[in-house]
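What follows is a guided reading of one protein chain, moving from a pocket to a pair of helices, then to some backbone details and the chain as a whole.

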Amino acid sequence: MTAAAVNPLRFAWLEVTGLCNEHCDHCYADSSPQGTHGTMAVADWARVIDQLAEMGVADVQFIGGEPTLYPQLPELINHAHGAGLGIEVFSNLTYIREPLWKTFVDCRVKLATSYYSDVASEHDAVTNLRGSHKKTRENIEKARSLGLAIRGGVVAMSAQQRVQQAVEDLTALGATAGTDRNRAFGRASHGARPAIEDLCGHCALGQVAIGPDGVVWPCVLGRFITLGNVRETPLAEIWSSAGTSEARAEIAKTHERVALGEACTPPQFLPSCGPCGPCVPSVGHCDPKEAAPNPATIGAPASRVV
């Protein structure tokens, strides 16, 4: 039996840009206003989407950077929708123009966003963008008014942060809310070398991430582990390669206590890992009732660990 048959690919993050209008101190992708769209052309992304569909992938998440700053995002969403893929866009919800809203509605896009406090000044202090709280909150309301599903994640940056109040505010706005701790990747690492121990342990188990330059990672946090490049090699070959199997084994060895269907406490912004709610449709291997609470996760209900 092939490696791809044992570990079928179900979900992919498509990081279409490293450009972001915010400059969060904890950004795992090190995105900023100085970021770029990378070297992947629209045709490259379309080819990857076709390959994902051929591999039986059910869902993709467009992410960044800030994906709504990528000019061809509507084109790629429409292409993914036409290929039969479920779609989620992870956005800070500060830069969405009317044509994009129409694309979201037409393609039944789910949305996800980060939210740091019910107090504007505290939220804006994290994003380093004045007025971001107001815009994000307004667009959560607009998404719900359009009937779009949306989930918000609160990353706990400090003990004084109004985490629970932020969760309650998100819930009041009609979003599903979850929490996560700050993780030592990108700017949040403060120069420390990234470590496999800081991953959730499910990287490359049914999911993969592709960056703006075509580099393939086992997940968006595991970008220090390179599996290949889709500009050079078809994704199916990368997924079933010896290098990917070796990376998967190394991650599993480091996280021996983690197994599919057992206690899983992934970051809230990774929708494929579960157990979390709502999950993308392709997640079928986790049972939230069997998940053990993560002491590092703040404010998550006992019935679902996010």
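In this predicted model, a convenient place to begin is the lining of the second largest pocket, whose residues divide into four nonpolar, seven polar and four charged. That lining is made up of 15 residues, and those that lie nearest the centre of the pocket are Glu 15, Ala 29, Pro 212, Trp 217 and Arg 223. The space that lies in this second largest pocket comes to about 160 Å³.

From the pocket we turn to a helix pair. Helix 3, which covers residues 73-82, packs with helix 4, which covers residues 98-106, at an angle of about 10°, and the two axes are 10 Å apart. Because angles under 35 degrees count as roughly parallel, helix 3 is described as roughly parallel to helix 4. On the side of helix 3, the residues that take part in the contact are Leu 73, Pro 74, Ile 77, Asn 78 and His 81, and they meet Leu 100, Thr 103, Phe 104 and Asp 106 in helix 4. Taken by residue class, this contact of helix 3 with helix 4 divides into five nonpolar residues, three polar residues and one charged residue.

The loop between strand 2 (59-63) and helix 3 is the place of Gly 65, and here the backbone deserves attention, since the peptide bond that joins Gly 64 and Gly 65 is cis, with omega at about 20°.

Two further backbone details concern the phi angle. Asp 30, which is found in the loop between strand 1 (11-15) and helix 2 (42-54), has a positive phi of about 55° although it is not a glycine. With a relative accessibility of 47%, Asp 30 counts as partly exposed, because that class lies between the limits of 20% for buried and 50% for exposed. Arg 108, whose place is in the loop between helix 4 and strand 4 (110-114), likewise is not a glycine and has a positive phi of about 55°. Its relative accessibility is 63%, so Arg 108 counts as exposed.

Stepping back to the chain as a whole, the secondary structure comes to nine helices and nine strands. The chain has 306 residues, of which 54% count as buried. Among the contacts in the chain with a separation of 6 or more, 69% are accounted for by residues 24 or more positions apart.

Technical notes. Residues are numbered from 1 along each chain as its sequence is written. This is a predicted model: local features need pLDDT of at least 70, side-chain atom pairs count only at pLDDT 80 or more; totals for chains, interfaces and linings use all residues. Side-chain values use heavy atoms; hydrogens and water are left out. On a 1 Å grid over the protein atoms alone, a cavity is a set of points where a 1.4 Å probe fits but cannot get out, and a pocket is an open set with protein on both sides within 12 Å along at least five of seven lines; lining residues have an atom within 4 Å of a point. Grid points are joined across faces, edges and corners, and a volume is the space filled by probe spheres set on the points. Ala, Val, Leu, Ile, Met, Phe, Trp, Tyr, Cys and Pro count as nonpolar, Asp, Glu, Lys and Arg as charged, and the others, Gly among them, as polar. Axes are lines fitted to C-alpha atoms, for helices over the stretch in contact, and angles run from 0 to 180 degrees between N-to-C directions. Helices (H or I, at least four residues) and strands (E, at least two) are DSSP runs, numbered from the N terminus. Angles under 35 degrees count as roughly parallel, over 145 as roughly antiparallel, 65 to 115 as roughly perpendicular and the rest as oblique. Contact means heavy atoms within 4.5 Å. Buried means under 20% relative accessible area, exposed over 50%, partly exposed in between (1.4 Å probe, protein chains only).
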